[in-house]
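Trainee: I am new to this structure. Please take me through one part of it closely, step by step.

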Amino acid sequence: MAGRFAPRTPTTRTTVRGGHIPVPASRIPITAAPAPAPARSATRRWAPDAPTDLGLTLGPLRRGVGDPTFGTTPDGSVWRATRTPEGPGTIRVALRKAAAEAEAEAWGPGAQWLLDRLPQLLGADDDPAAFVPRHRLLAATHRRRPDLRLTRTGLVMESLIPSILEQKVTTREAYRAWRLLVRKYGEPAPGPQEHRLHVMPDARTWSLIPSWEWHRAGVDNKRASTVLRVAKVARRMEEAAAMAPEQAQQRLELIPGIGPWTSAETVQRSNGAPDAVSVGDYHLPGIVGYALAGDRDTDDAAMLELLAPYAGQRHRAARLILLSGQTPPRRAPRMTPGNIAAL
């Protein structure tokens, strides 16, 4: 798949959450794809009421460079394969700046569901005007990134399961597990096959993955058991997408193995939650503390205190800090990934 999509720079979990994936500038019409679609597709156009950057808005949905559910192409399009309430679906989105509108094409049983929610996917429910910067760094970054919008997918499981896989491990380990499991147990995405996207497994398939396959993917029993628990109540989990973010987090945290970090990482994407802070993150408190107070040893409590002036918009504030590049210098080499499969 690497040869099919535009080159992308390596990213970490932190930069994916706060940063920007490179999306080539649109050069050709969306209808002029390199290969014709093997199946019928549906299309939609929508004009955002403010500047929108696809890389900033949809970047948090990508789980690493090799994510089999996400890709970009040289024509400036972003591709997503996902499992909707109506079934599997693939959507391709491009922004035509000359026409000041977004164009989307979708395939599969979930195509219309995806197109109906195109505005929410591109941040129509987000309100950037609610953010008032109170620090010089945030004010400067906010001016440089006026096109940051928080996506709202309306889908919980597609963000919840990879967030569980990211618990207590390095980014490389988590992305590898997601990639291996989706490619092996997911299904080829509807639409053009040259992009080789996959739709993640449905709840029943997650429940049937043998223990040794979790082991081969480098997933310990604790995380695998949590995925199995959420798969058993997948319908109840998906209901959280229609709740207020606080209530959605409470619903998710009823499942043993899901804490504030995992629930926040999920509702940031599924519910477009501007105030959901990733409490318990290994790097984020130090980054926020260093940027706002010059203290790289900040803990969660101190981070929340620093973000208190941005109540209601704390997740946006954290993303802007990450986008600012004002992060503490490394004090040690990267943590060496483990290899459970070799045990």
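Mentor: Start with helix α12, which spans residues 245-252. Its buried residues are Ala248, Gln249, Arg251 and Leu252. Viewed down the axis of α12, these buried residues fall within an arc of 160 degrees, so they line one face of the helix. Keep in mind that this is a predicted model.

What do the buried residues of α12 pack against? They have three partners: α6 (157-165), α11 (234-239) and α13 (260-270).

Follow one of those partners, α6. Glu158 lies in this helix. Is Glu158 buried or exposed? Its relative accessibility is 13%. Buried means under 20%, so Glu158 counts as buried.

Now look at the side chain of Glu158. It makes a polar contact of 2.6 Å with the side chain of Arg80. Another polar contact, of 2.3 Å, joins the side chains of Glu158 and Thr82. Leaving aside residues up to four places away in sequence, Glu158 touches Arg80, Thr82, Thr153, Trp178 and Met200. Arg80 and Thr82 are thus on that list too.

For a contrast, turn to Ala301. This residue sits in helix α15, residues 300-307. Its relative accessibility is 54%. Exposed means over 50%, so Ala301 counts as exposed. Compare Pro285: Ala301 and Pro285 are 16 residues apart in sequence. In space, their C-alpha atoms are 8.7 Å apart.

To recap: Glu158 in α6 is buried, whereas Ala301 in α15 is exposed.

Definitions and conventions:
Residues are numbered from 1 along each chain as its sequence is written. This is a predicted model: local features need pLDDT of at least 70, side-chain atom pairs count only at pLDDT 80 or more; totals for chains, interfaces and linings use all residues. Side-chain values use heavy atoms; hydrogens and water are left out. Buried means under 20% relative accessible area, exposed over 50%, partly exposed in between (1.4 Å probe, protein chains only). Helices (H or I, at least four residues) and strands (E, at least two) are DSSP runs, numbered from the N terminus. The arc is that of the directions from the helix axis to the C-beta atoms. Contact means heavy atoms within 4.5 Å. A polar contact is a pair of N or O atoms within 3.5 Å; within protein, one must be able to donate a hydrogen and the other to accept it, and residues adjacent in sequence count only if both atoms are side-chain atoms.
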